[in-house]
Amino acid sequence: MLGHLIGPDIVEMIQHRQFAELRRALATFSPATVADIFADMSAQDVAIVFRILPRALAADIFEYMPLEAQEALIHSLGREEVAGILNEMTPDDRTALLEELPGAVTQKLIALLSPEDRSIATQLLGYPAESIGRRMTPDYVAVRQEWTVAQVLEHVRHVGRDKETLNVIYVVDDKGVLLDDIRLREIILAYPETQVVDLMNRQFVALRAD
């Protein structure tokens with residue numbers, strides 16, 4: 001519905017090359033709303049808009065688009081634009097896209113990823129289809145049980161900006177084995193000198209990746 005109302009205005013702005021105004025206007029909507037607007041626009045016009053959007057915003061919008069629209073957009077964009085979107089996507093959403101595409105297309109897209117993201121994508125796609133491994137994200141904050149709350153909060157400030165989830169902090173041992181999960185609220189409310197181990201109850205839910 002929203003696309004029918006706003007889509008024609010966007011197309012008119014494209015025709016008049018009002019790209020700066022269009023960029024500012026779309027930034028006022030949520031990524032989900034913009035994806036809804038794009039549903040009523042041609043793939044060519046959507047591709048034009050994607051080229052003028054900030055890369056991070058474009059990736060957020062892309063994740064809300066239906067698979068068919070994502071595929072059409074990939075074919076409409078150039079190699080550099082596609083690489084930018086894929087590298088900004090969250091690992092689990094990117095995996096959901098890659099596993100639905102033909103094998104040859106998936107391999108081409110994986111080649112566009114940064115070395116770090118390529119490694120993550122290959123790892124997640126290595127799990128069986130429909131498994132938890134295909135849906136999990138490596139973008140979480142992990143801490144050690146001997147750390148203090150002050151150390152945890154400093155670590156969150158340092159790495160949290162790039163993580164997909166921050167509401168839960170995961171406690172792991174030196175081999176990366178999960179020991180517990182603690183809500184960030186509990187950590188924030190604890191005294192800085194409190195050790196993580198003192199906040200643990202070792203009651204958590206975990207699923208096998210396969």
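Visitor: Is Tyr170 buried, partly exposed or exposed in this predicted model?
Guide: Happy to start there. The relative accessibility of Tyr170 is 25%. Buried would need a value under 20% and exposed one over 50%. Tyr170 therefore counts as partly exposed.

Visitor: Which kind of aromatic pair do Tyr140 and Tyr170 form?
Guide: Their ring centres are 5.6 Å apart, and the angle between the planes is 80 degrees. A pair needs centres within 6.5 Å, and planes over 60 degrees apart make it edge-to-face. So the pair of Tyr140 and Tyr170 is edge-to-face.

Visitor: How many residues apart are Tyr140 and Tyr170?
Guide: Tyr140 sits in the loop between helix 11 (132-135) and strand 1 (142-143). Tyr170 belongs to strand 2 (residues 168-172). The pair links distant parts of the chain, and the separation is 30 residues.

Visitor: And Tyr140 itself, is this residue buried, partly exposed or exposed?
Guide: Tyr140 has a relative accessible area of 34%. The partly exposed class runs between the limits of 20% and 50%, so Tyr140 is partly exposed.

Visitor: Turning to Phe50 and Phe62, which helices hold them?
Guide: These two rings form an edge-to-face pair, 6.5 Å centre to centre with 85 degrees between the planes. The residues are twelve apart and link distant parts of the chain. Phe50 lies in helix 4 (residues 43-52), and Phe62 in helix 5 (residues 55-64).

Visitor: Are Phe50 and Phe62 buried or exposed?
Guide: Phe50 has a relative accessibility of 5%, and Phe62 has a relative accessible area of 2%. The limit for this class is under 20%, so Phe50 and Phe62 are both buried.

Visitor: Which residues form one aromatic cluster?
Guide: You have already met the pair of Phe50 and Phe62. Phe38 joins them, and the cluster is Phe38, Phe50 and Phe62.

Visitor: At roughly what angle do the axes of helix 8 and helix 10 cross?
Guide: The axes of helix 8 (residues 91-100) and helix 10 (residues 115-125) come within 10 Å. The crossing is right-handed. Its angle is roughly 60 degrees.

Visitor: How do the residues of that contact divide into nonpolar, polar and charged?
Guide: Helix 8 brings Pro91, Arg94, Thr95, Leu98 and Glu99, while helix 10 brings Asp117, Ile120, Ala121, Leu124 and Leu125. They divide into six nonpolar, one polar and three charged.

Visitor: What separates the C-alpha atoms of Ala129 and Glu99?
Guide: Ala129 is in the loop between helix 10 and helix 11, and at 55% relative accessibility it counts as exposed. Ala129 and Glu99 are 30 residues apart along the chain. Their C-alpha atoms are separated by 8.2 Å.

Methods: Residues are numbered from 1 along each chain as its sequence is written. This is a predicted model: local features need pLDDT of at least 70, side-chain atom pairs count only at pLDDT 80 or more; totals for chains, interfaces and linings use all residues. Side-chain values use heavy atoms; hydrogens and water are left out. Rings of Phe, Tyr and Trp (its six-membered ring) pair if their centres lie within 6.5 Å; planes under 30 degrees apart count as stacked, over 60 as edge-to-face and the rest as tilted. Helices (H or I, at least four residues) and strands (E, at least two) are DSSP runs, numbered from the N terminus. Buried means under 20% relative accessible area, exposed over 50%, partly exposed in between (1.4 Å probe, protein chains only). Axes are lines fitted to C-alpha atoms, for helices over the stretch in contact, and angles run from 0 to 180 degrees between N-to-C directions. A crossing is left-handed if the near helix is turned anticlockwise from the far one by less than a right angle, and right-handed if clockwise. Contact means heavy atoms within 4.5 Å. Ala, Val, Leu, Ile, Met, Phe, Trp, Tyr, Cys and Pro count as nonpolar, Asp, Glu, Lys and Arg as charged, and the others, Gly among them, as polar.
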